[in-house]
Amino acid sequence: MNILVTDGSFKQSLGIVRSLGKDGFKPYILSSKKNSLCSFSKYSNKEIILKPNQYKSELSKYLSKFSIELIIVVGTNSFKNILPIKKDLNDLGTDMVTVDIDKINIAFSKVDTYKFAESIGIPVPKTFYPNDFSELTDLKSKITYPCVIKGLYEVGGNIVDYVYKEEELEKKYSQICNDYKLSPKNGLPMLQEYITGYGCGFFAIYNEGKCGITFQHKRIREYPVSGGASVCSESYRNEKLQEYGMRLLDGLEWHGVAMVEFKMNSQGVPVLMEINPKFWGSCDLALEAGVNFPKAIIDIYLGKEVLYSMDYKYPFKYHWPLNDDIMHGIKNPKKCLEIFIDLLNPKVKSNIWISDFKPNMRLLIDFLLKPFIEIYRKIS
């Protein structure tokens with residue numbers, strides 16, 4: 001079977017490629033630039049270079065040329081550009097295991113996600129949705145601090161900042177709008193209560209509304225340190241997290257993979273943060289803990305039954321040293337010893353593989369270049 005994995009520069013794509021390779025496949029890679037991270041893996045096949053805005057006009061040509069039967073879609077922009085042409089691709093003999101565009105859009109919109117979650121009894125943070133900058137003055141007195149400024153939609157990266165006192169609100173709100181070109185026309189950021197607690201996630205694959213294999217993790221370290229992508233996580237189990245995650249995806253009659261992200265508050269109640277309707281950044285942890293989501297996608301495509309399961313190793317820790325765990329230590333020195341111990345501990349796994357060495361060099365180069373790229377972005 002010929003398989004295409006999108007977003008060759010993403011670390012979770014590398015995990016998927018390696019997993020497929022160990023199962024006997026050699027997937028093609030779709031990237032926006034040559035020499036992506038996945039292209040260095042010994043498990044990868046040819047790299048196809050296309051910008052997302054070329055998918056509609058050019059992707060079908062490559063799918064036909066390489067007889068691609070199944071696409072595993074990873075990134076947000078890939079979803080937004082490939083899903084609308086799914087029917088055209090099906091006509092070519094290429095499929096993908098995912099829900100339709102309407103349900104994807106619910107997941108990508110935090111407004112719709114929270115509205116649906118509240119309707120089925122899942123706790124969400126107290127949230128305000130300004131329609132105009134002038135509304136900030138009235139909201140100042142209604143908001144508790146610290147509060148969180150968040151983008152309304154999933155854009156493939158975090159639009160988030162934290163406000164610790166009232167006098168910071170207008171300045172930080174204006175800054176995030178300027179940085180991401182947000183306006184009343186395309187959706188101003190929301191203001192949300194800050195939930196104290198640790199981040200945790202429920203992961204699952206569904207087949208036409210029926211839950212298959214599941215997984216859970218809790219976050220150990222993030223980058224940026226104030227709140228960002230997980231750079232060290234641990235497998236985990238919590239009955240309420242399982243219940244809420246399944247209730248949400250059952251209610252949406254899900255199909256394909258999904259991550260439901262929560263924060264466990266001080267009362268031990270999971271509070272919904274978002275639905276990630278695709279492969280997530282910490283996918284490697286699930287794979288190493290014994291939950292093979294890529295294989296489950298193939299099984300569903302082949303018409304095989306994927307049975308419900310929550311069987312995996314836990315607690316089991318995984319980290320991504322060159323994908324910002326070391327940066328976490330640089331920005332948060334009190335965690336340096338903990339990170340160093342994890343690097344030396346053979347029981348703590350990472351995406352630095354000796355058996356698939358070349359991607360490590362690409363990770364190292366990207367890590368070394370990152371400070372210079374950040375400086376360039378600030379001055380440009």
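## Helix α6 and its two faces

Let's start on the outside of a helix: K115 and S119 are exposed residues on the face of α6 that is turned away from its buried side. The model you are looking at is a predicted one. On the buried side of α6 we find K110, T113, Y114 and A117. These four residues span an arc of only 90 degrees around the axis, which means that they sit on the same side of α6.

What lies over that buried side? The cover includes the helices α5 (101-108) and α9 (239-251), together with the strands β5, β6, β8 and β13 (270-276). Just after α6 comes G121, a residue with a positive phi, near 80 degrees.

## The four-stranded sheet

Helix α6, made of residues 110-119, lies across β5, β6 (147-150) and β8, and its direction is at about 45 degrees to β8. These strands belong to an open sheet of four, in the order β5-β8-β6-β7, and the pairing is antiparallel. At its edges stand β5 (127-128) and β7 (160-163); each has a single partner strand, so one side of each has no neighbour in the sheet.

As a general rule, strands in a sheet pair through backbone hydrogen bonds, in a parallel or an antiparallel way. Here, β5 and β8 (residues 190-193) run antiparallel and are joined by two bridges. If you would like to find one bridge for yourself, look for T127, whose partner in β8 is Q192.

A second helix to look for is α8 (residues 169-180), which lies across β6, β7 and β8 and runs at about 175 degrees to β7.

## A closer look at V148

Now zoom in on V148, which has its place in strand β6. Is V148 buried or exposed? Its relative accessibility is 5%, and buried means under 20%, so V148 counts as buried.

Which residues does V148 touch, leaving aside those up to four places away in sequence? They are V160, D161, Y162, M190, L191, Q192, E193 and Y194. One of these contacts also shows how a fold brings residues together: V148 and D161 are 13 residues apart along the chain, and their C-alpha atoms are separated by 5.9 Å.

## Strand β1 and helix α2

Side chains in a regular strand alternate between the two faces of the sheet. You can follow this in β1, where I3 and V5 point one way, L4 and T6 point the other way, and all are buried. Three bridges connect β1 with β4 in the parallel sense, and L4 has I71 as its bridge partner in β4. Strand β1 also runs parallel to β2, again with three bridges, and T6 has L30 as its bridge partner in β2.

Helix α2 (residues 55-65) has Y55, L59 and L63 as its buried residues. The arc they cover around the axis is only 40 degrees, so they are on the same side of α2. Their cover includes β1 (3-6), β2 (28-31) and β4 (70-72), as well as α3 (76-82) and α4 (86-91). On the face of α2 turned away from the buried side, the exposed residues are S57 and K65. After α2 comes S67, with a positive phi near 50 degrees.

## The seven-stranded sheet

Another open sheet has seven strands, arranged as β13-β12-β9-β10-β11-β14-β15, with mixed pairing. Its edges are β13 and β15 (349-350), each with a single partner strand, so one side of each is left without a neighbour in the sheet. Within the sheet, nine bridges join β9 (residues 198-207) and β12 (residues 256-264) in the antiparallel sense. One example is A204, whose bridge partner in β12 is A258.

Helix α12 (residues 321-331) packs on this sheet and touches β10 (210-223), β11 (229-235), β14 (317-319) and β15. The direction of α12 makes about 35 degrees with that of β10.

## A pocket to find

Rolling a probe the size of a water molecule over the atoms shows where empty space is left. How much space lies in the second largest pocket? The volume is about 190 Å³. Its lining includes G15, R18, S19 and K22, along with D284, L287, Y318 and W353. Two elements, α1 (11-22) and α10 (283-288), give two or more residues to this lining. The largest share, four residues, comes from α1.

Notes:
Residues numbered from 1 in each chain as written. Predicted model: local features only at pLDDT ≥ 70, side-chain atom pairs only at ≥ 80, totals over all residues. Heavy atoms only, no water. Pairing = 2+ DSSP bridges. Contact = heavy atoms within 4.5 Å. Axes fitted to C-alpha atoms, helices over the stretch in contact; angles between N-to-C directions. Buried < 20%, exposed > 50% of the residue type's maximum accessible area, 1.4 Å probe, protein only. Arc of directions from axis to C-beta. 1 Å grid on protein atoms, 1.4 Å probe; cavity = no way out; pocket = protein on both sides within 12 Å on 5 of 7 lines; lining within 4 Å. Points joined across faces, edges and corners; volume = space filled by probe spheres on them.
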